[in-house]
Amino acid sequence: MAATANITVSDAAESRSSTRRASHTAPAVLGGLAGCLLLALGLPGLVAGVSTLDARAVAWNVHNGVPRPTSELLAAAEAVALGNRWTRDSELDGDRGLLLLRAAEAAESDAERKKLLAAAAEATASALSNAPGQPSAWLRLAHIRHGQGEFAGAASALRMSMLSGSFVPALMATRIEMGLQLLPMLDRETLELLHRQIRQWWVVEPERVAKLAARPEATAIVRAALDSLTEADMARFQRLHGNRS
């Protein structure tokens, strides 16, 4: 009986010890698995980020008006395409469209220009399909479509640029210039959006709008836009510039 009791107590003690080891081991195993999972989930973004570092620098230069050689633009665009195999960055994908557009503008042959414009359109459309709230990317697509001779598509992209971000001072002059080139293609709604751009631009930069109005091809549309100035527009103008004689 004593032997049986001893064996029973020993077995029970061993069982408790095994249970404690298991209880300590399980969290460690789960923690290790969780760490591996997080690493696996973060790895694509890390690889894409490292592989596109130089491309981001080139895109930053282009955004700031710093000219880059065509070979550098194309290499950066290719790096973004490779990075997209790991994880897609809609903003950087849009920048790929900009890089290809600038390369197209510097193309030495019409065939190469058309090829690069098509690639730029594809990259920009891809970026916008994932993140449509990018007014600058929509405006870029308008320029690309215009360069391809797709004027209806350019007008549609211009409209989306104005709808996705009406008051974007950095884009206003370019939008208006594009609008002037596309006037015959603008429907009534898009034309009113363009008028609104001119009014908003006049509020913040009246001198530039005055210069625009002096151009024969722009006089009528500027006059039509400013004829619709609201009291709110005038009040904002006075806050920014004071009373002018």
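Here, buried means under 20% relative accessible area, exposed means over 50%, and partly exposed is whatever falls in between. Keep those cut-offs handy, because Glu 192, at 38% relative accessibility, lands in the partly exposed class. One thing to know up front: this is a predicted model. There are 10 salt bridges in the structure, and a few of them are walked through below, followed by a look at helix H11.

**Glu 192 and Arg 199**
- Glu 192 pairs up with Arg 199 in a salt bridge, and the closest N and O atoms sit 3.0 Å apart.
- The two partners fall into separate burial classes: Glu 192 is partly exposed at 38%, whereas Arg 199 is buried, with a relative accessibility of 9%.
- Arg 199 gets that label because 9% is under the 20% cut-off for buried.

**Arg 102 and Glu 105**
- Another salt bridge links Arg 102 to Glu 105, with 3.2 Å between the closest N and O atoms.
- Both belong to helix H4 (residues 90-105), and since they are 3 residues apart there, about one helical turn separates them.
- On the solvent side of things, Arg 102 is partly exposed at 33% relative accessibility, while Glu 105 is exposed, with a relative accessible area of 53%.

**Glu 205 and Arg 208**
- Glu 205 and Arg 208 bring their side chains together in a salt bridge, at 3.5 Å from N to O.
- Glu 205 comes out as partly exposed, at 27% relative accessibility.
- Arg 208 is partly exposed as well, at 40%.

**A salt-bridge network**
- Asp 110, Arg 113 and Lys 114 are joined into one network by salt bridges that share partners.

**Helix H11 and its two faces**
- What does helix H11 (residues 219-226) bury? Ile 221, Val 222 and Ala 225 are buried in this helix.
- These residues lie on the same side of H11, because they span an arc of only 100 degrees around the axis.
- Which exposed residues sit on the face turned away from the buried side of H11? That face carries Ala 220 and Arg 223.
- Which helices help cover the buried residues of H11? The cover includes helix H8 (169-181), helix H9 (188-204) and helix H10 (206-213).

Key: Residues are numbered from 1 along each chain as its sequence is written. This is a predicted model: local features need pLDDT of at least 70, side-chain atom pairs count only at pLDDT 80 or more; totals for chains, interfaces and linings use all residues. Side-chain values use heavy atoms; hydrogens and water are left out. A salt bridge is a side-chain nitrogen of Lys or Arg within 4 Å of a carboxyl oxygen of Asp or Glu. Helices (H or I, at least four residues) and strands (E, at least two) are DSSP runs, numbered from the N terminus. Buried means under 20% relative accessible area, exposed over 50%, partly exposed in between (1.4 Å probe, protein chains only). The arc is that of the directions from the helix axis to the C-beta atoms. Contact means heavy atoms within 4.5 Å.
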